[in-house]
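I opened this one to see how the chains are built and how they meet. My entries follow in the order I looked things up.

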Amino acid sequence: MFKKNLAAKLTLVPSTVVIAVCFYGTILWTLYISLTHSTMLPNYKFYGFSQYATLLSMPRWHTAFANMLIFGSLFIAGSLVIGTTLAALLDRNVKAEGLFRVFFLYPLSMSFVVTGLAWQWLLNPTTGIEALVRSLGWQDFSFNWLASPEKAIYAVSIAAIWQSSGLVMAIMLAGLRGIDGDIWKAAKIDGIPVWRSYISIVLPMLRPLVLTCVILLATAVVKSYDLVVAMTGGGPGISTDVPGKFVVDLLFQRANISTAAAAAILMLVTVICALSPYVYIELKRQKR
Amino acid sequence: MTATPLAQSGAPVIYVVPRAKSAKPGRAILYVILSVALVYYAIPLLLVISTSLKTTDELRTGNIFTLPQSLNFDAWSKAWMTACTGIECNGIHGNFWNSVEIVVPGVVFSILFGALTGFALSQWQSKLSRVILLSLMLGAFIPYQVILYPMVRIFSSIGLYGTLPGIILIHIIFGLPYMALLFFNFYQGVPPELSKAAKMDGAGFFTIFFEIMLPMSVNVLVVAIIMQATGIWNDFLLGLIFAGRDHLPITVQLNNIVNTTTGVKEYNVNMAATFLTALPPLLIYILSGRYFARGLAAGAVKG
């Protein structure tokens, strides 16, 4: 019995080792480091949960975590609304659809570093939109979100939505194209307006795709690092810090690896909380 | 709007109902919204290109939204050869080639590894293989920050930290969940009779993979190449940590040049460097056309 599919099993050995060691083994390793007092190098003496207490007492962590939630909800909601709207509009027999699609999708090929830098210039008060509007005569015009600790995270969200909303557009447009034409006919016969058909009939049918979009966007939120580094460097001050940057800074600049490990574990916990409903649904579907 | 019967005589009459066209003002609003969106998406790139073509004098006088007076590529050559990071003034050309050196083997080997894994998982389906599959799927969601430090330790201990093979291997590892699932989904859709027939003829696992499956997978291969090439080129974090000073990818160098605190900010040079960094993935996007969107859909299926 073992000889059956032997080659397939042997092929899976390296992949399984990689998955076990690099993905799950490292989680356990990081978890253990988070329970020690390690600074630059790991010190494997067990200290319990004191790093988590330290972490939770750090204002910078609170800022980073709150930013992730603000940025995450704006980014996900904004991308979903804009992407779905554009998909629905493009689905209405638009002339030059290809042209629109090319422009809606190209930001996805841009790195977050490029995205962050381009938007940094655009939103920078001395070079960007504010300077433009002032040069047109509105001297009192002010649009300096990037310089404001309260609003800089909104500026980051705008740039992120610019980069990723095309993803939602592409996925939803593919879904809309797969909708059975009979449904449109039935809605028409019943005299339901087009916009109403989208909101009440078609979009609910595409719920699984919306869920997929949310998951893809949510993982991008938790992983967000490069965009913030390129666009604001986490500033002004620490006002646009995010957990991803917090962990990397503590690991490689502050030589505080056990607090960094604790923060990384909390990031993972956040992902697990966000994913578990989805995994539950998926497992239930597979059982059937 | 009237439905047109296509077949007048045949038994089943097919009616073609054109997609409901709304009233004229509705159409106008539709195009206005789409055009506004188009401007929102186009402006950042146009701004980067137009500023990169300006001279330093033009920058001083106008704002960044005015068009360049002539096509001036001085900023491009400066960005390529002599832009400074605060430490050195070598531009981005060296890092451009570093990125090429990372991307090419990274794409080839991550696809080969992922395709073999996906194929093996599709051939041998059991309880254990489903566990491997689920672990792969969930592995795609683990934040890098959890994995980074232990991987640095592992790579240091085997001498791969900060080396070219090291950063390539990192990309192969982190690409595995996406690639394996992409190919698994594809191979699972291939009729099992095909490989059964080949087995009857005495073909082994690798013969079936390389001589039957891989040639059949052209579409999915193109999608995989697009995903990995843009993904690895655009990577910042892994390159920053694992590539080492001699192999820093272009994204890291770009950020170092633009966000350096020393010297006068030369927006034209910075934007030229930004554009040159964005160009390869942009070209891949333009040349690949519909495959790019298909790659996104494939990425969506993987979840």
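**Chain A, the annotated domain**

I started with residues 65-276 of chain A, where the chain is 73% helix and 0% strand and the end C-alpha atoms are 20 Å apart. Helices and strands here are DSSP runs numbered from the N terminus (H or I, at least four residues, for helices; E, at least two, for strands). I picked that span since UniProt lists it, in an unreviewed entry, as "domain: ABC transmembrane type-1". UniProt positions are in the numbering used here, feature names are shortened, and annotations may be inferred rather than shown by experiment.

Housekeeping: this is a predicted model, with local features needing pLDDT of at least 70 and side-chain atom pairs counting only at pLDDT 80 or more, while totals for chains, interfaces and linings use all residues. Residues are numbered from 1 along each chain as its sequence is written, and chains are lettered from A and ligands numbered from 1 in the order in which they are written.

**Transmembrane spans of chain A**

The unreviewed UniProt entry lists residues 12-35, 64-90, 102-122, 152-176, 197-222 and 260-281 of chain A as "transmembrane region". I checked two of these. Residues 64-90 of chain A are 100% helix and 0% strand, with end C-alpha atoms 37 Å apart. Residues 197-222 of chain A come out at 96% helix and 0% strand, and there the ends are 34 Å apart.

**Confidence**

How does pLDDT (the predictor's confidence in each residue, from 0 to 100) look? Chain A has a mean of 86, with 98% of its residues at 70 or more. Among the elements of chain A, helix H3 (residues 59-90) has the highest mean pLDDT, 93, and helix H6 (residues 129-135) the lowest, 76. For chain B I noted a mean of 84, with 89% of residues reaching 70 or more. I'm leaving residues 1-18 of chain B alone: pLDDT stays under 50 there, and the model has 12 contacts beyond four places in sequence for them. For the complex, the predictor gives an ipTM of 0.89 and a pTM of 0.88.

**Where A meets B**

I counted two residues as in contact if their C-beta atoms, placed from the backbone, lie within 7 Å. On that basis 76 residues of chain A touch 69 residues of chain B. Helix H1 (residues 6-33) of chain A gives the most to chain A's side, with 15 residues. That side of chain A has 54 nonpolar, 16 polar and 6 charged residues. For these classes, Ala, Val, Leu, Ile, Met, Phe, Trp, Tyr, Cys and Pro are nonpolar, Asp, Glu, Lys and Arg charged, and the others, Gly among them, polar.

**Domains**

Domain bounds come from an automatic or database domain assignment. Chain A gets domain 1 (1-28) and domain 2 (65-244), with 39 Å between their centres, taken over C-alpha atoms. Chain B gets domain 1 (21-72) and domain 2 (93-302), and their centres are 33 Å apart, again over C-alpha atoms. In chain B the contact takes 8 residues from domain 1 and 7 from domain 2.

**Helix H13 of chain B**

What lies at Leu279(B) in H13(B)? I found a kink of about 40 degrees, shortly before the proline Pro280(B). The bend is the angle between axes fitted to the seven residues ending at a position and the seven starting there. H13(B) (residues 267-288) has 22 residues and reaches 31 Å from first C-alpha to last, close to the 32 Å expected at 1.5 Å a residue; the expected span is 1.5 Å times one less than the number of residues. Gly289(B) follows H13(B), with a positive phi near 55 degrees.
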